[in-house]
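The exercises below ask you to work through one model, step by step, from its empty spaces to its helix packing and its backbone. Try each task before reading the solution that follows.

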Amino acid sequence: MTATEQIIERERQFLLQTYSRYPLAIARGKGCFLFDVEGKRYLDFVAGLGVNALGHAHPRIVKTIREQAARAIHLSNLYYNEYQGLLAEKLCRLSGMQRAFFSNSGTEAIEGSLKLARLAGHRAGGDSKSQIVALQGSYHGRTFGSLSLTGQDKYRKGFEPLLEQVTFVDRNNIATLRASVHDNTCAIVLEPIFGEGGIRECSVEFLMECRTLAERHHAALVFDEIQCGLGRTGTMFAFQAFGVQPDIVAIAKPIAAGLPLGAFLAKEEFASAISPGQHGTTFGGGPLACRVALEYLAVIEEENLLENVRRVGDYLHQQLQDLVGRYETARECRGRGMIQGLQLEIPARSIVEQALAEGVLFNSTQDTVVRFLPPFLLQEKHVDKGIRVLRKLLGQRRKKSSPAAEPQQKAAQALT
């Protein structure tokens, strides 16, 4: 039995079987590459589902973790630590928000955002101002509150009843949105770019209407940027790429370069609704995670990685568009920067599984979408390698006919 098989068998015996894993056991990483326990190298377009934005074993992150771990890892929120306030200030200045709360994960950031929106809603309009508008096809997490906002039956099934005062509208359907938001709405919650939902963007017009309706009805506009935020679009926050400012924004994934950390940031108008004792956490905002998060943001700025995300992201998009033009099984490419998706006519998991043998890690979502969430360090040469693998795998199916070839094909068909 190989080392990988031993790991798989042990997990099969003792772990709750909640994951449909690929048959790959990772031992270490460096930059844009990962290495399995047998030593094989893989080019990583997954980045820990968007967490490892600085790739693997970034020297500045490794150095910071070592230094801080020797000082203090956890202290509890009974006391101040020197990094939590610095990180809150940095994030507020980058986002234009006024207050931050640190959690352990993105799901918890969504839960805290909901609690804050409810409190602010009750203050503005009484207990009846508690209804929420969310989007069909969205994904916000797996706890009861976040699951209640997730507009996909496959995640909700079996866990009902969830929060009852949630109305779902179709992404970019402004008429339905207007009909759903009213004076008892306390929050409109959305992902500016659906992540798990297949890399689908909300239109600027839709987001602007959300902004208008939130102001008209004194509701919180809550953006879930857990996957699309903190640089992945080529701007520090995705809402900056769309030009629409939320009242509350939830972030997580890359913020602490792989350590568990999430946050929600809020305007003072909403942040002032909460008081001591109404929300809290044991682990959120500890000195190790916050110091590493500060280093993450420093690396992004000092290594000019947002420009790299935009440049290489544009190149990736061009190459994916070329695949759509060449292969019948490739229908559409979507997204921007380092959050992109390739819509297929076939199950995407088969492509992902075959790519493993080629030494490239992709991810599939929504059954037929290959999702790309690579490290921000990605270069054009890495894109070229990934595209070569996709060409090989998609080329095993039919290529699209070129206009010049169609008359010849029709003539040949007439002779048979």
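**Exercise 1: the enclosed space**

The structure, which is a predicted model, holds one cavity of 30 Å³ or more. Determine how much space lies in the largest cavity, which residues line it, and how that lining divides by class.

*Solution.* Begin with the volume: the largest cavity contains about 40 Å³ of space. Next, collect the lining, which runs through His74, Leu75, Ser76 and Asn77, then Asn81 and Gln84, and finally Thr282, Phe283, Gly284, Gly285, Gly286 and Pro287. Sorting these residues, with Gly counted among the polar ones, gives nine polar, three nonpolar and no charged residues.

**Exercise 2: an open pocket**

For the second largest pocket, state the volume, identify the residues closest to its centre, and find which element gives the largest share of the lining.

*Solution.* The space in the second largest pocket comes to about 830 Å³. Its lining comprises 28 residues, and those closest to the centre are Gln84, Ala100, Phe101, Phe102 and Ile274. Taking the elements that give two or more residues to this lining, one finds helix H4 (84–95), strand E4 (99–103) and strand E12 (262–266); the largest share, five residues, comes from H4. By class, the pocket lining has 14 nonpolar, twelve polar and two charged residues. Note that Gln84 belongs to the lining of the largest cavity and is also listed among the residues closest to the centre of this pocket.

**Exercise 3: how two helices pack**

Describe the packing of H4 against helix H12 (residues 287–302) through their axes, the handedness of the crossing and the residues that meet.

*Solution.* Two packed helices are described by the angle between their axes and the distance between the axes. Here the axes of H4 and H12 come within 8 Å and cross at roughly 35°, and the crossing is left-handed. On the H4 side the contact is made by Gln84, Leu86, Leu87, Lys90, Leu91 and Leu94, which meet Cys290, Ala293, Leu294, Leu297 and Glu301 of H12. Divided by class, the residues of this contact are eight nonpolar, one polar and two charged.

**Exercise 4: the whole chain and two backbone details**

Decide how the radius of gyration of the protein compares with the globule rule, then locate the cis peptide bond that joins Glu160 and Pro161 and the positive phi of Lys253.

*Solution.* The protein has 16 helices and 17 strands. Its radius of gyration is 23 Å, close to the 22 Å that the globule rule gives for 416 residues, so the protein is as compact as a globular protein of that length. Along the principal axes, its C-alpha atoms fill a box of roughly 80 × 55 × 45 Å.

For the backbone, the bond between Glu160 and Pro161 is cis, with omega about 5°, and Pro161 lies in the loop between helix H7 (153–156) and strand E6 (166–169). Lys253, a residue other than glycine, has a positive phi near 25°, and Lys253 is found in the loop between strand E11 (248–251) and E12.

Note on methods
Residues numbered from 1 in each chain as written. Predicted model: local features only at pLDDT ≥ 70, side-chain atom pairs only at ≥ 80, totals over all residues. Heavy atoms only, no water. 1 Å grid on protein atoms, 1.4 Å probe; cavity = no way out; pocket = protein on both sides within 12 Å on 5 of 7 lines; lining within 4 Å. Points joined across faces, edges and corners; volume = space filled by probe spheres on them. Helix = DSSP H or I, 4+ residues; strand = E, 2+ residues; numbered from the N terminus. Axes fitted to C-alpha atoms, helices over the stretch in contact; angles between N-to-C directions. Left-handed = near helix turned anticlockwise from the far one by under 90°. Contact = heavy atoms within 4.5 Å. Rg over C-alpha atoms; globule rule 2.2 N^0.38 Å.
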